[in-house]
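Here is a short walk through one protein model. Take a look at the chain, then read on.

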Amino acid sequence: MVKHKTDEIILILTFLLLVSNLCWLMSPKRVKECENTSKKNVQIFLLAGQSNMAGRGGVTKEVSTEGTITKVWNGFVPKECKPNQKILRFNAALKWEEAHEPMNYGIDCLASCGLGPGMAFANEILKKDSEFGVIGLVPCARGGTPLSKWQRGSLPYDDLVKRAKSAEKDGGTIRGLLWYHGESDVKGGNGSKVYKTNLEKFIHDLRTDLNSPNLPILQVILPYPKEPFKGPYIEEVRAAQLAINVPNVVKIDAKGLELGPDGIHLTTPAQVQLGHMFAHAFLSLKYFSSFFKFFPSNIFS
């Protein structure tokens with residue numbers, strides 16, 4: 001009888017101890033501290049440019065709506081792009097959430113959003129550097145926007161600055177911009193003639209507006225399109241991208257990456273490969289930056 005009572009007392013005390021610990025862990029003060037710590041330490045990367053940065057990988061599933069056939073994302077997520085509790089996404093409502101594909105959903109696309117390079121990039125960073133910390137991805141890409149639309153006063157540019165500042169207001173640090181652009185300017189018009197000037201101005205203005213004069217820019221050099229896409233000014237735009245001479249701009253040549261049937265958008269495997277190229281370029285920049293104040297432009301392929 002005494003032993004039975006003793007067992008009951010031990011059980012009750014154990015239960016009370018567990019409840020006490022749970023209440024402490026879930027107290028508003030404790031939760032707030034955890035939230036503040038995670039936000040303060042977020043390593044922020046901006047993802048901007050056109051539809052290949054927004055992500056069209058896997059947009060191959062055909063659906064019929066009132067007799068019109070459209071292509072939507074097939075839902076396939078490769079292992080390199082799986083969610084990770086240390087990777088966050090800054091959503092369209094300006095809130096942090098666990099990152100997932102499609103990354104650019106709600107920013108400029110809904111059903112047509114597919115895989116981009118962001119998740120593969122972040123997962124590869126954490127794979128190579130387990131002590132890197134929490135990564136915060138801020139999608140800002142806008143499909144079909146020539147470079148003239150990425151200047152001060154335009155919606156894509158102003159939204160990029162707004163989202164970047166909102167993402168870091170709780171103490172996160174912007175570590176770089178992943179930039180994939182140029183598809184619209186290779187089609188024609190005057191954009192290709194002033195592409196280098198406009199891109200250098202974009203970089204200067206963005207660094208000024210974010211108060212980050214040495215913000216690393218990871219810039220994709222466009223791959224050569226294929227039929228049926230028409231890009232008569234591809235050589236001019238590629239030459240302009242390669243000629244950029246600005247400190248802390250790392251050039252990543254996408255030449256040879258697999259393109260989908262439309263001749264311009266990267267396939268899912270190509271987006272994964274590009275994400276890894278972004279990651280390796282950033283880690284190389286991070287390493288060399290410890291020795292040099294300014295890192296010269298380089299080509300990573």
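A residue counts as buried when its relative accessible area is under 20%, and as exposed when that figure is over 50%. By that rule Trp150 is buried, and Phe202 is buried too. Both come back below. Keep in mind that this model is predicted.

Start with the whole. The protein has eight helices and 10 strands. Of its 301 residues, 49% are buried. Its accessible surface is about 15200 Å². Carbon and sulfur atoms hold 58% of that surface. Now turn to the contacts with a separation of 6 or more. Residues 24 or more positions apart make up 74% of these.

Next come the aromatic rings. Two rings pair if their centres lie within 6.5 Å. How many aromatic pairs does this rule give? The count is nine. One of them joins Trp150 and Trp179. Their ring centres are 5.3 Å apart, and the planes meet at 90 degrees, which makes the pair edge-to-face. Where do the two residues sit? Trp150 is in the loop between strand E6 (135–139) and helix H5 (155–168). Trp179 belongs to strand E7, residues 173–180. The pair therefore ties together parts that lie 29 residues apart in sequence.

Are these two tryptophans buried or exposed? Trp150 has 0% relative accessibility, so it counts as buried. Trp179 has 2%, so it is buried as well.

Trp150 has a further ring partner, Phe202. This pair is also edge-to-face, with 6.3 Å centre to centre and 85 degrees between the planes. Again distant parts of the chain are linked. Trp150 lies in the loop between E6 and H5, while Phe202 lies in helix H6, and 52 residues separate them.

Ring pairs also build a cluster. Its members are Phe45, Phe121, Phe132 and Phe282.

Now look at helix H7, residues 234–242. Which of its residues are buried? They are Ile234, Val237, Arg238, Ala240 and Gln241. Seen down the helix axis, these buried residues of H7 fall within an arc of 160 degrees, so they line one face of the helix. The general rule helps here. An α-helix has 3.6 residues a turn, so residues three or four places apart point the same way.

What do the buried residues of H7 pack against? They pack against helix H6 (195–209), strand E8 (217–221) and strand E9 (249–253). Helix H6 is familiar by now: Phe202, the ring partner of Trp150, lies in it.

Terms used:
Residues are numbered from 1 along each chain as its sequence is written. This is a predicted model: local features need pLDDT of at least 70, side-chain atom pairs count only at pLDDT 80 or more; totals for chains, interfaces and linings use all residues. Side-chain values use heavy atoms; hydrogens and water are left out. Buried means under 20% relative accessible area, exposed over 50%, partly exposed in between (1.4 Å probe, protein chains only). Helices (H or I, at least four residues) and strands (E, at least two) are DSSP runs, numbered from the N terminus. The arc is that of the directions from the helix axis to the C-beta atoms. Contact means heavy atoms within 4.5 Å. Rings of Phe, Tyr and Trp (its six-membered ring) pair if their centres lie within 6.5 Å; planes under 30 degrees apart count as stacked, over 60 as edge-to-face and the rest as tilted. Accessible areas come from the Shrake-Rupley method with a 1.4 Å probe; for residues, only the protein chains shown count as cover.
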